[in-house]
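Me: I would like to learn how to read a structure of this kind feature by feature, with the general idea first and the particular case after it. Could you take me through one?

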Amino acid sequence: MLAEARKLAVDVLYSEKGHFAAASAWRRRNYWLGIPAALIGAAAGATILASADPVVSGILALAGAAITALMTFLNPSERAAQHQRAGVAYAQLRRKVRQFAQIDMAGMESAALRATLTALTEEVGSTQGEALAIPSAAYRAAMKSIESGSADYTDQELDAATGRVGAQSST
């Protein structure tokens, strides 16, 4: 049971960090598209008011409209918010799994252990079903973060917190 709880914790950790990385990437995209759209739109309006060359005004207006349409289509601020919410949900799940492995398992009977692990697994599945897919680049960023030790609960930390699998009874 402990081995399965640890595997579940690792799965949840990667999903959590992947969604946070995706949220960060979508926030950057929002700024990289939003700031130029605002500046180009303002420049287009200024050139129209200044009675400047209509070709320049038209090009600026079209560029601003294209970037704005791209922002509407991609909706980076909403995608960032969705990934952020998923990351928070996975962080909450990770804490539940950690509490189960570190505290609750010690005093539970085998049937209760199995039922709790099944419930946690189902909760992870439900969260996965509601979350956006993690983009490959965000998953790679999460993996790099976890493997570099900057994320919580590496294998060494799990061993220190819950004991080595095989060193304890997995009930």
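Reply: What follows is a walk through helices, burial, contacts, salt bridges and a surface patch.

Me: What kind of model is this, and how are its residues numbered?

Reply: This is a predicted model, in which local features need pLDDT of at least 70 and side-chain atom pairs count only at pLDDT 80 or more, while totals for chains, interfaces and linings use all residues. Residues are numbered from 1 along each chain as its sequence is written, and side-chain values use heavy atoms, with hydrogens and water left out.

Me: How far apart are the end C-alpha atoms of helix 1, and what span should its residues give?

Reply: Helices are DSSP runs of H or I with at least four residues, numbered from the N terminus, whereas strands are runs of E with at least two. The expected span of a helix is 1.5 Å times one less than its number of residues. For the 48 residues of helix 1 this should come to 70 Å, and the end C-alpha atoms are indeed 70 Å apart, which agrees. Helix 1, which covers residues 2–49, is followed by Ser51, whose phi is positive, near 55°. The 21 residues of helix 2 (residues 54–74) should span 30 Å, and there too the separation of the end C-alpha atoms, 30 Å, agrees.

Me: Which residues of helix 2 are buried, and where do they lie around its axis?

Reply: Buried means under 20% relative accessible area, exposed means over 50%, and partly exposed is in between, with a 1.4 Å probe and protein chains only. An α-helix has 3.6 residues a turn, so residues three or four places apart point the same way. In helix 2, the buried residues are Ser57, Gly64, Ile67 and Met71. Seen down the axis of helix 2, these buried residues fall within an arc of 105°, so they line one face of the helix; the arc is that of the directions from the helix axis to the C-beta atoms. They pack against helix 1 and helix 3, while the face turned away from the buried side carries the exposed residues Pro54, Val55, Ile59, Leu62, Thr72 and Phe73.

Me: Which residues does Ser15 touch, leaving aside its neighbours within four places in sequence?

Reply: Contact means heavy atoms within 4.5 Å. Ser15, found in helix 1, is in contact with Tyr90 and Ile134 once those sequence neighbours are set aside, and Ser15 counts as buried because its relative accessible area is 13%.

Me: How far is the C-alpha atom of Arg29 from that of Met71?

Reply: Those two C-alpha atoms are separated by 9.0 Å, although the residues are 42 apart along the chain. Arg29 lies in helix 1 and, at 38% relative accessibility, counts as partly exposed. Another pair to read in this way is Leu113 and Ala101, twelve residues apart along the chain, with their C-alpha atoms separated by 9.8 Å. Leu113 lies in helix 4 (residues 110–130) and is buried, at 0% relative accessibility.

Me: How many salt bridges does the structure hold, and which parts does the one between Lys96 and Glu123 tie together?

Reply: A salt bridge is a side-chain nitrogen of Lys or Arg within 4 Å of a carboxyl oxygen of Asp or Glu. The structure holds five. In the bridge between Lys96 and Glu123, the closest N and O atoms are 2.8 Å apart. Lys96 lies in helix 3 (residues 76–102) and Glu123 in helix 4, so this pair ties together parts that are 27 residues apart in sequence. Salt bridges that share partners also join Glu16, Lys17 and Arg94 into one network.

Me: Where do Glu4 and Lys7 lie, and how far apart are they in sequence?

Reply: Both lie in helix 1, three residues apart, about one turn of the helix, and they form a salt bridge whose closest N and O atoms are 3.5 Å apart. Glu4 is partly exposed at 43% relative accessibility, and Lys7 is partly exposed at 49%. A further salt bridge joins Arg85 and Glu78, with 3.3 Å between the closest N and O atoms.

Me: Which residues form the nonpolar patch on the surface?

Reply: Patches are made of residues with over 30% relative accessible area and no salt bridge, where like charges are joined within 9 Å and nonpolar side chains (Val, Leu, Ile, Met, Phe, Trp, Tyr) within 5 Å. Accessible areas come from the Shrake-Rupley method with a 1.4 Å probe, and for residues only the protein chains shown count as cover. Here Tyr31, Ile35 and Leu39 form the patch, with about 360 Å² of accessible area together. Leu39 lies in helix 1 and counts as exposed, at 57% relative accessibility.
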